[in-house]
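Hi everyone, thanks for coming along. Let's take a look at the structure together, and please stop me whenever a word is new to you.

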Amino acid sequence: MPKVLADQPFSAASAKRKLAVADATCARVAEERERHYVAQLHDRYGDALATYFRIYAEKDYPSAKGYLCLGPGERWADLLTDNYFANTGEVVNDRIRSHRWVTASECGLGNWLT
């Protein structure tokens, strides 16, 4: 046992494994907490809780230059360089100026981040 514990590659691998397990545990706990708090918010506010996220090309939410939405259950868009604001055709990446939570009726067809 002392020889195994003194082995550098074994010790390094063991440390990496411990870190990976700790990281996975932290991620799982964070996800569980998020589900718990979202459920509490839904219990408290019910259908009044907006579950869609709308991003705008302009500051303070005007939609003249376009907007896009993320729906419920979506945590992020994977790539913003392949999404465009409908009104201007400008790429979304690095052009988001404001955002807010909205209801489903405030997100039109063709206005979804992918």
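Strand 1 and strand 2, which spans residues 67–70, run antiparallel and are joined by 4 bridges. Do keep in mind as we go that this is a predicted model. If you'd like one pair to find on the screen, take tyrosine 56: its bridge partner in strand 2 is tyrosine 67.

Now for another partner of strand 1. Strand 3, residues 98–102, also pairs with strand 1 in the antiparallel sense, over 5 bridges. Here you can look for isoleucine 55, which stands opposite histidine 99 of strand 3.

So is strand 1 largely enclosed or not? Strand 1 covers residues 52–56, and 4 of its 5 residues are buried, so the rest of the structure largely encloses it.

Let's move on to the nonpolar cores. The largest has 8 residues: Ile55, which we just met opposite His99, together with Ala57, Leu68, Leu70, Ala77, Phe85, Val92 and Leu113. There is also a second, separate core of 6 residues, and among them are Tyr52, Tyr56, Cys69 and Cys107.

Finally, let's go to the surface. Which residues form a nonpolar patch there? They are Met1, Leu5 and Phe10, and together they have about 350 Å² of accessible area. Phenylalanine 10 sits in helix 2, which runs over residues 8–45. Its relative accessibility is 39%, and because buried means under 20% and exposed means over 50%, phenylalanine 10 counts as partly exposed.

That's my tour, and I'm happy to take questions!

Note on methods
Residues are numbered from 1 along each chain as its sequence is written. This is a predicted model: local features need pLDDT of at least 70, side-chain atom pairs count only at pLDDT 80 or more; totals for chains, interfaces and linings use all residues. Side-chain values use heavy atoms; hydrogens and water are left out. Patches are made of residues with over 30% relative accessible area and no salt bridge: like charges are joined within 9 Å, nonpolar side chains (Val, Leu, Ile, Met, Phe, Trp, Tyr) within 5 Å. Accessible areas come from the Shrake-Rupley method with a 1.4 Å probe; for residues, only the protein chains shown count as cover. A salt bridge is a side-chain nitrogen of Lys or Arg within 4 Å of a carboxyl oxygen of Asp or Glu. Helices (H or I, at least four residues) and strands (E, at least two) are DSSP runs, numbered from the N terminus. Buried means under 20% relative accessible area, exposed over 50%, partly exposed in between (1.4 Å probe, protein chains only). Two strands pair if DSSP finds at least two bridges between them. A nonpolar core is a set of buried Ala, Val, Leu, Ile, Met, Phe, Trp, Tyr and Cys residues joined through side-chain atoms within 4.5 Å.
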